[in-house]
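Thanks for coming. I will take a few minutes to walk through one structure, and you can follow along on the screen.

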Amino acid sequence: MNAPTATGRQALFEGLARDFSPTELRNLASSLLRLADAVDQDWDGPPTGPLFRWPNALTRIEKRAYILAVKAREIYDRRRCRKDFVPPGLLGEPAWDMLLDLFMQYAGGAKVSTTSLCIASDCPPSTALRHIDQLEQAGLVERSPSAHDKRITFVGLTDKGVIAMGNYLEEC
């Protein structure tokens with residue numbers, strides 16, 4: 001694939017600025033970051049495992065992960081919509097937004113980079129990193145380095161995090 005020329009990139013950026021709102025551009029940027037995360041981890045679907053696992057809370061949630069992820073997406077989108085009506089500084093639960101985002105990605109078998117998770121939290125990176133530390137200390141998330149780029153760290157839900165979010169999404 002040939003890289004676009006400087007003129008072509010400028011035309012692309014001008015077209016995007018003309019055709020999309022700032023919110024739509026931010027969503028596009030977030031989607032592009034997730035695509036880069038997927039490319040970086042050579043994602044080829046969830047790993048295959050044994051055909052049978054003893055039934056427990058985790059397997060129950062795993063079976064319904066996609067349906068629960070759709071519910072998580074609805075909650076996440078509704079939370080974002082609030083900014084259209086209430087000043088954003090009055091709203092915010094970055095850790096909760098992170099957990100919703102991580103569950104959605106868990107359902108698809110993908111990992112989330114720290115950078116992408118900071119964007120999903122909709123708060124400054126320093127604040128987001130502090131919340132990631134707190135979630136890790138609580139045993140809800142774990143970090144792992146990228147196999148391809150040591151500058152990238154992925155964040156994913158632990159089994160405890162999957163169960164907590166799955167139970168919430170099933171019950172509420």
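I will begin with the overall layout, then go through some helix contacts, and end with a few single residues.

One thing to say at the start is that this is a predicted model. The protein chain has 8 helices and 3 strands. If you read along the sequence, the order is α-α-α-α-α-β-α-α-β-β-α. The chain has 172 residues, and 32% of them count as buried. As for contacts, take those between residues at least 6 apart in sequence: 62% of these join residues at least 24 apart.

Now to the helices, and I will start with H6. Helix H6 covers residues 114-121. How many of the 8 residues of H6 are buried? The count is 6, so H6 is largely enclosed by the rest of the structure. The buried ones are Thr-114, Ser-116, Leu-117, Cys-118, Ala-120 and Ser-121.

One of the neighbours of H6 is helix H5, residues 94-107. The two pack at an angle of about 125°, and their axes are 8 Å apart. Are H5 and H6 oblique or perpendicular? Angles from 65 to 115 degrees count as roughly perpendicular and those over 145 as roughly antiparallel, and the angle here lies in neither range, so H5 is oblique to H6. The crossing of H5 past H6 is right-handed. On the H5 side, the residues in the contact are Pro-94, Asp-97, Met-98, Asp-101 and Leu-102, and on the H6 side they are Leu-117, Ala-120 and Ser-121. Sorted by class, this contact has 5 nonpolar, 1 polar and 2 charged residues. Looking back at the buried list, Leu-117, Ala-120 and Ser-121 are on it.

Helix H5 also packs against H7, which runs over residues 125-137. The axes of H5 and H7 come within 9 Å, and they cross at roughly 70°. H5 and H7 are therefore roughly perpendicular to each other. This crossing, too, is right-handed. From H5, the residues involved are Pro-94, Ala-95, Met-98 and Leu-99, and these meet Ala-128, His-131, Ile-132 and Leu-135 of H7. The class count is 7 nonpolar and 1 polar, with no charged residues. Pro-94 and Met-98 of H5 have come up before, since both are listed in the contact with H6 and in the contact with H7.

The last helix pair is H4 and H8. H4 is residues 65-81, and H8 is residues 159-171. They pack at an angle of about 80°, with axes 10 Å apart. That makes H4 roughly perpendicular to H8. H4 contributes Leu-68, Lys-71, Ala-72 and Ile-75, while H8 contributes Gly-166, Tyr-168, Leu-169 and Glu-170. By class there are 5 nonpolar, 1 polar and 2 charged residues in this contact.

That leaves the single residues. Staying with H8, Asn-167 lies in this helix. Asn-167 has a relative accessible area of 28%, which means that the residue is partly exposed. Which residues does Asn-167 contact, leaving aside its neighbours within four places in sequence? They are Arg-60 and Ile-61. Asn-167 and Ile-61 are 106 residues apart along the chain, yet their C-alpha atoms are separated by 7.7 Å.

Thr-158 sits in the loop between strand S3, residues 153-157, and helix H8. Is Thr-158 buried or exposed? Its relative accessible area is 13%, and buried means under 20%, so Thr-158 is buried. Not counting residues up to four places away in sequence, Thr-158 touches Gly-139, Leu-140, Val-141 and Glu-142. With Gly-139 there is also a polar pair: a polar atom of the Thr-158 side chain lies 2.5 Å from the backbone oxygen of Gly-139.

Back to the end of H6. The residue that follows H6 is Asp-122, and this residue is in the loop between H6 and H7. Asp-122 has a positive phi, near 60°, and is not a glycine. Its relative accessible area is 40%, so Asp-122 is partly exposed.

Finally, Arg-130 is in H7. At 46% relative accessibility, Arg-130 counts as partly exposed. Arg-130 and Ala-95 are 35 residues apart in sequence, and the distance between their C-alpha atoms is 9.3 Å. Ala-95 is one of the H5 residues that meet H7.

That is the end of the walk-through.

How values were computed
Residues numbered from 1 in each chain as written. Heavy atoms only, no water. Helix = DSSP H or I, 4+ residues; strand = E, 2+ residues; numbered from the N terminus. Buried < 20%, exposed > 50% of the residue type's maximum accessible area, 1.4 Å probe, protein only. Polar contact = N/O pair within 3.5 Å; in protein donor to acceptor, adjacent residues only side chain to side chain. Contact = heavy atoms within 4.5 Å. Axes fitted to C-alpha atoms, helices over the stretch in contact; angles between N-to-C directions. Parallel < 35°, antiparallel > 145°, perpendicular 65-115°, else oblique. Left-handed = near helix turned anticlockwise from the far one by under 90°. Nonpolar A, V, L, I, M, F, W, Y, C, P; charged D, E, K, R; others polar.
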